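Work through the exercises below with the sequence and the model open. Each task is followed by a solution in steps.

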Amino acid sequence: MKWSAKQNETILAGDGLERVILADGPWRAGKTVAMAAGFLLWAQEHFRGHQFLLMAKTSQQARLNMIPKLADAAADIGIPADHWDWSDYRKELKVGPRRGYNLYIFIDSATAGSRGKLRGVDAAGMWATEVSTLDELTYLEGVGRCSAEGSKLWLDTNPAINGKGHWSYRYIKEAERLKVKRFKYELGDNPGLPADYEATQRAAMSPIMAARFLDGSWEVDASTQVYPAADMRIEPRPPGEPEQWWLVVDAGFAGTTAASLFGVWPEAAWLCGEYRHSAREEGRLPDSAHAGFIRSMMPRDGVSTRVVVDPAAGGLKAELAGLGVVTADALNDVHQGIINCSIALSSGWLRFDPGGSDWTRRELELYRFDERSLAVGEAKPVKREDHHADVCRYFVSTYLAAGPSAAPEFFRV
Ligand SMILES: Nc1ncnc2c1ncn2[C@@H]1O[C@H](COP(=O)(O)OP(=O)(O)OP(=O)(O)O)[C@@H](O)[C@H]1O
Ligand SMILES: [Mg+2]
């Protein structure tokens with residue numbers, strides 16, 4: 001392959017002093033092929049008999065994106081075919097002679113659940129692709145594994161959906177402190193792209209999408225984001241029982257039913273557990289089945305649980321009543337609810353236990369105002385994958401309305 005100047009610099013970046021090599025920018029800019037070549041060249045040149053991590057959101061990514069591009073790079077570098085052994089079953093790649101090969105271990109990292117696979121691994125480096133789609137905890141566990149002398153992190157990504165609010169933006173913002181060599185790609189850095197690619201794509205995209213995916217800008221999407229991801233405090237709930245439990249439910253007959261369990265401790269409230277059922281993905285369930293699941297989420301530790309339900313969910317409320325569960329209607333003013341929830345998040349009053357908040361965190365991060373509504377001075381959220389976001393809103397608003405004695409510190413500032 002005939003590389004562009006930017007790709008060439010990326011490929012040789014392993015010789016530099018920086019610990020992190022980052023390639024960010026638009027779609028199709030030639031980042032990943034250059035990363036694959038640079039990472040493999042550096043690892044094979046500097047190490048023998050070491051382990052490395054390959055990280056992507058799903059194993060599909062390994063199969064379709066990482067491994068083929070590494071294989072092309074290997075051919076380019078001149079690694080003989082019998083020095084290459086990819087096991088799709090084990091998700092492991094061996095490169096090098098039989099004695100002294102390097103082992104590349106693939107880790108999918110869509111959720112924090114993958115962290116366990118990293119226990120005990122001792123690595124000399126990692127290539128993480130599309131970093132802005134990875135789970136932060138799994139990613140950090142991978143970083144922590146890279147303890148060998150001279151280890152490096154190779155990262156490529158498009159700008160995150162939530163722009164500068166995403167955790168990975170710290171590699172750009174704090175490049176010096178984190179010892180990052182950044183390569184900011186543009187479409188022109190891929191000599192293999194058809195001449196009309198950019199124009200064709202741009203014509204089909206909204207300006208916000210084009211800024212992110214064709215210009216590679218991290219600035220864009222924050223304007224439409226309802227809650228900045230930076231506001232989300234993820235930390236384990238305190239030990240012991242809370243002062244109150246709140247079980248809050250959003251119900252959709254043909255859509256998704258979501259419920260979350262919140263514990264209120266003196267200093268803050270924690271989201272501790274979630275229930276989600278998508279009728280579209282998993283088939284419809286009768287209200288009685290949802291009611292059974294929801295009741296089983298009520299802790300039996302002697303602390304009272306208040307159950308708050310979407311006011312429109314008449315059938316579910318009746319089923320819960322039939323099981324002896326007393327419910328109250330959630331306060332459902334969208335606009336005020338978003339304001340309340342924003343304050344609860346930015347003040348750090350509403351926190352997220354890492355063990356029971358995956359769906360909610362994902363939804364809150366993706367929760368967007370509709371661009372058209374913003375353009376006419378309204379702020380309406382996009383109604384899509386917003387069930388756990390609605391649950392948070394119900395919780396904060398209903399909790400606040402329960403009286404000044406219940407009002408947390410955040411509301412007094
Ligand atoms: N120097 C080059 N010469 C010819 N083709 C190239 C060159 N660099 C990249 N390509 C091709 O362009 C396509 C996009 O490259 P690559 O996957 O590296 O882009 P990317 O920046 O990672 O894009 P995305 O953000 O979509 O993952 C690939 O098919 C790749 O083989
Ligand atoms: Mg790529």
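**Exercise 1.** Give the strand order of the open sheet of 7 strands and find its edges.

Step 1. The order is β9-β15-β12-β11-β10-β13-β14, and the pairing is mixed. Step 2. β9 (233–234) and β14 (327–329) each have a single partner strand, so one side of each has no neighbour in the sheet. Step 3. Terms: strands (E, at least two residues) and helices (H or I, at least four) are DSSP runs numbered from the N terminus, and two strands pair if DSSP finds at least two bridges between them.

The model is predicted: local features need pLDDT of at least 70, side-chain atom pairs count only at pLDDT 80 or more, and totals for chains, interfaces and linings use all residues. Residues are numbered from 1 along each chain as its sequence is written, chains are lettered from A and ligands numbered from 1 in the order in which they are written, and side-chain values use heavy atoms, leaving out hydrogens and water.

**Exercise 2.** In which sense do β12 and β15 pair, and which helices lie across this part of the sheet?

Step 1. β12 (residues 269–278) and β15 (residues 350–352) are parallel, with 3 bridges. Step 2. Leu 271 is opposite Phe 352 in β15. Step 3. Helix α12 (residues 358–366) lies across β9, β11 (256–264), β12 and β15, at about 90° to β12. Step 4. Helix α14 (residues 387–401) lies across strands including β10 (244–250), β12 and β15, and runs at about 135° to β10. Contact means heavy atoms within 4.5 Å; axes are lines fitted to C-alpha atoms, for helices over the stretch in contact, and angles run from 0 to 180 degrees between N-to-C directions.

**Exercise 3.** Describe the open sheet of 8 strands.

Step 1. Its order is β3-β4-β5-β2-β6-β7-β1-β8, with mixed pairing. Step 2. β3 (84–87) and β8 (180–184) are the edge strands, each pairing on one side only. Step 3. β2 (residues 51–56) and β6 (residues 125–129) run parallel, joined by 3 bridges. Step 4. Leu 54 is opposite Trp 127 in β6.

**Exercise 4.** Which residues are closest to ligand 1, and how much of the ligand does the protein bury?

Step 1. Of 18 surrounding residues (a heavy atom within 4 Å), the closest are Arg 28, Lys 31, Thr 32, Lys 69 and Asn 190. Step 2. An oxygen atom of ligand 1 is 2.7 Å from a side-chain N or O atom of Lys 31. Step 3. A polar side-chain atom of Asn 190 lies 2.8 Å from a ligand 1 oxygen atom. Step 4. Alone, ligand 1 exposes 630 Å², of which the protein buries 80% (Shrake-Rupley method, 1.4 Å probe).

Definitions and conventions: Polar contact = N/O pair within 3.5 Å; in protein donor to acceptor, adjacent residues only side chain to side chain.
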